[in-house]
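Visitor: I am new to this structure and would love a close look at a single part of it. Could you walk me through one strand and its surroundings?

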Amino acid sequence: MAPGAKTLATASLRELGRMIRAGEVTPTQLAEHALERLEGDGRRLNAVVTLTPDRALREARRAEEELRAGHDRGPLHGIPYGAKDLLATAGIPTTWGAAPCKEQVFPYDATVIRRLEAAGAVLVAKLAMVELAGGMGYDHPNASFTGPGLSPWNPNAWSGGSSSGSGAAVGARAVPFAIGSETHGSILTPAAFCGVTGLRPTYGRVSRSGAMALCWTMDKLGPMCRSADDCGLVLEAIAGPDPNDPTTADRHFRYAPEHARTGGFRLGVLAGATDDAQPEVRANFLAALDVLRDVATLEEVRLPDLPYHAVARVIIAAEASAAFDDFIAAGRPADLTAEADRVLPYTYEVVTARDYLRALRVRRVIARELDALCARYDALVAPTLPSVAPPAGASFLGVFRRPGVPIGAAGNVAGLPAVSVPNGFGADGLPTAMQFIGRAWEENRILAVARAYQERTDWHRRLPPGFGG
């Protein structure tokens with residue numbers, strides 16, 4: 001008898017792989033199950049742009065044939081996944097979440113898509129996103145032609161952006177993992193709001209060839225999964241140098257949990273990280289620190305006093321203006337969904353070359369200072385966000401624009417890896433989360449800390465209310 005929906009919904013990638021190899025479920029059954037859940041919960045949460053059943057079933061049948069023949073491609077072989085709709089997929093629309101690009105089709109696959117296919121993973125859907133990955137400066141959850149992304153934990157709340165569909169699809173247990181992108185919070189935010197684990201890799205770890213460019217020196221692609229262990233498995237499949245993306249580093253990543261420490265960690269807890277947080281975010285973070293004390297020594301640390309948010313804003317505005325120069329010059333922002341997005345792109349022109357160069361110079365100081373700080377610890381620890389998800393109908397200006405956790409801007413400016421893990425629930429049953437930030441190229445280290453926490457808690461295995469089994 002095939003495993004039930006709840007068994008499939010809580011299974012890790014390793015567990016799903018064991019089921020496939022034991023003959024308990026086939027890749028085709030997993031693909032069909034994912035397509036069914038995406039058609040139901042995925043569309044209800046505005047998480048889906050395009051289902052890819054023809055490609056999914058073709059890849060799933062190939063996985064079955066290969067495994068029967070003894071050709072095992074590894075832990076992702078036969079596992080379904082979804083991709084944020086800024087990754088090119090041959091012959092399938094790649095809309096960038098924007099109405100003016102709804103008919104856009106590329107004749108090739110992005111490098112990440114090709115690498116996942118080589119690992120035997122099965123693409124079942126292109127997932128929704130904030131239009132142009134938030135590059136037009138959105139201030140409301142409705143900034144997507146598929147509608148505002150909704151949290152699987154409360155359909156009245158936002159799923160986060162810009163990888164809204166990736167977070168919601170994994171959180172709703174429609175797919176075991178998805179690929180998102182982050183420039184300034186776009187993996188960690190939906191991971192937190194949807195109760196999943198999201199990994200932002202080091203800048204240059206994963207090729208962006210075939211991905212929409214927003215900010216060339218800050219864009220990063222990474223996995224959103226059920227657990228930190230799952231994130232490590234996916235990262236190994238997609239990481240590595242790529243001649244088609246000269247910003248990738250000549251470094252190969254091997255996920256090695258069997259050689260990782262399980263305790264004795266040294267963690268730096270960011271001072272003041274909960275000062276502006278909601279009470280439930282603060283309480284859950286403090287409770288999580290108590291769990292971590294079983295495996296780590298904790299020290300309070302302070303970030304160097306540097307203009308992280310200002311530097312991030314200037315770099316993103318300058319590079320987005322260049323990336324979308326033709327789009328803006330042609331007046332295409334007028335056709336975007338969110339009203340604010342139709343206006344803000346034109347303000348990017350006020351960012352001068354002097355502003356941009358100054359931001360780059362300060363960025364070098366930020367990277368140097370953060371590297372010195374991170375070198376003292378296995379990870380820095382902070383809440384992922386100071387609040388639970390805001391209402392899906394609310395403007396960020398009144399709800400979500402609060403001081404926040406500065407390590408989010410700092411880590412993205414410096415290109416550092418981070419992993420967000422769920423650590424409890426707050427108002428209206430919405431998830432809270434904390435993040436572990438590490439030194440560049442130290443994904444294995446922060447994943448080890450995250451795994452140690454998840455081995456002692458079950459927040460990442462909880463199912464959304466009303467989950468249909």
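Which residue stands opposite Thr432 in E13?

Guide: Happy to help, and please keep in mind that this is a predicted model. The residue standing opposite Thr432 in E13 is Gly424. Let us use that pair as our way in.

Gly424 is at home in strand E12 (residues 418-425), which is joined to E13 by seven bridges, with the two strands running antiparallel. E12 and E13 form a hairpin with five residues between the strands. In this hairpin Asp428 takes a positive phi, near 60°.

Now look at E13 itself, which covers residues 431-437. Seven of its seven residues are buried, so the strand is largely enclosed by the rest of the structure. Its residues point in two directions: Pro431, Ala433, Gln435 and Ile437 go one way, while Thr432, Met434 and Phe436 go the other, and all of them are buried.

E13 has another partner too. Strand E11 (residues 379-383) is joined to E13 by four bridges, and these two strands also run antiparallel. Here you can find Val381 opposite Phe436 in E13.

Step back, and you will see E13 as part of an open sheet of 11 strands, in the order E1-E3-E2-E6-E8-E7-E12-E13-E11-E9-E10, with mixed pairing. The edges belong to strand E1 (48-51) and strand E10 (296-301); each has a single partner strand, so one side of each is left without a neighbour in the sheet. On average, neighbouring strands are turned by 30° against each other, direction ignored.

Let us visit the E1 edge for a moment. Three bridges join E1 to strand E3 (residues 122-127), and the two run antiparallel. Leu51 stands opposite Ala125 in E3. Across E1, E2 and E3 lies helix H3 (residues 27-44), which runs at about 145° to E1. Another helix, H14, packs on the sheet as well, and this one brings us back to our strand: H14 touches E6, strand E7 (197-200), E8, strand E9 (265-270), E11 and E13. The direction of H14 makes about 40° with that of E7.

H14 (residues 407-414) also meets helix H12 (residues 353-374): their axes come within 9 Å and cross at roughly 105°. That makes H12 roughly perpendicular to H14. The contact brings Arg363, Ile366, Ala367 and Leu370 in H12 together with Ala410, Gly411, Val413 and Ala414 in H14. Six of the contact residues are nonpolar, one is polar and one is charged.

One more helix is worth a stop in this tour of the sheet and its surroundings. In helix H5 (residues 111-118), Thr111, Val112, Ile113, Arg115 and Leu116 are buried. These buried residues pack against strands E2 (80-84), E6 (177-182) and E8 (220-225), along with helices H4 (53-68) and H8 (228-238). After H5 comes Gly120, whose phi is positive, near 90°.

So, to return to where we began: Gly424 stands opposite Thr432 in E13, and E13 is a strand with seven of its seven residues buried.

Definitions and conventions: Residues numbered from 1 in each chain as written. Predicted model: local features only at pLDDT ≥ 70, side-chain atom pairs only at ≥ 80, totals over all residues. Heavy atoms only, no water. Buried < 20%, exposed > 50% of the residue type's maximum accessible area, 1.4 Å probe, protein only. Contact = heavy atoms within 4.5 Å. Axes fitted to C-alpha atoms, helices over the stretch in contact; angles between N-to-C directions. Parallel < 35°, antiparallel > 145°, perpendicular 65-115°, else oblique. Nonpolar A, V, L, I, M, F, W, Y, C, P; charged D, E, K, R; others polar. Pairing = 2+ DSSP bridges.
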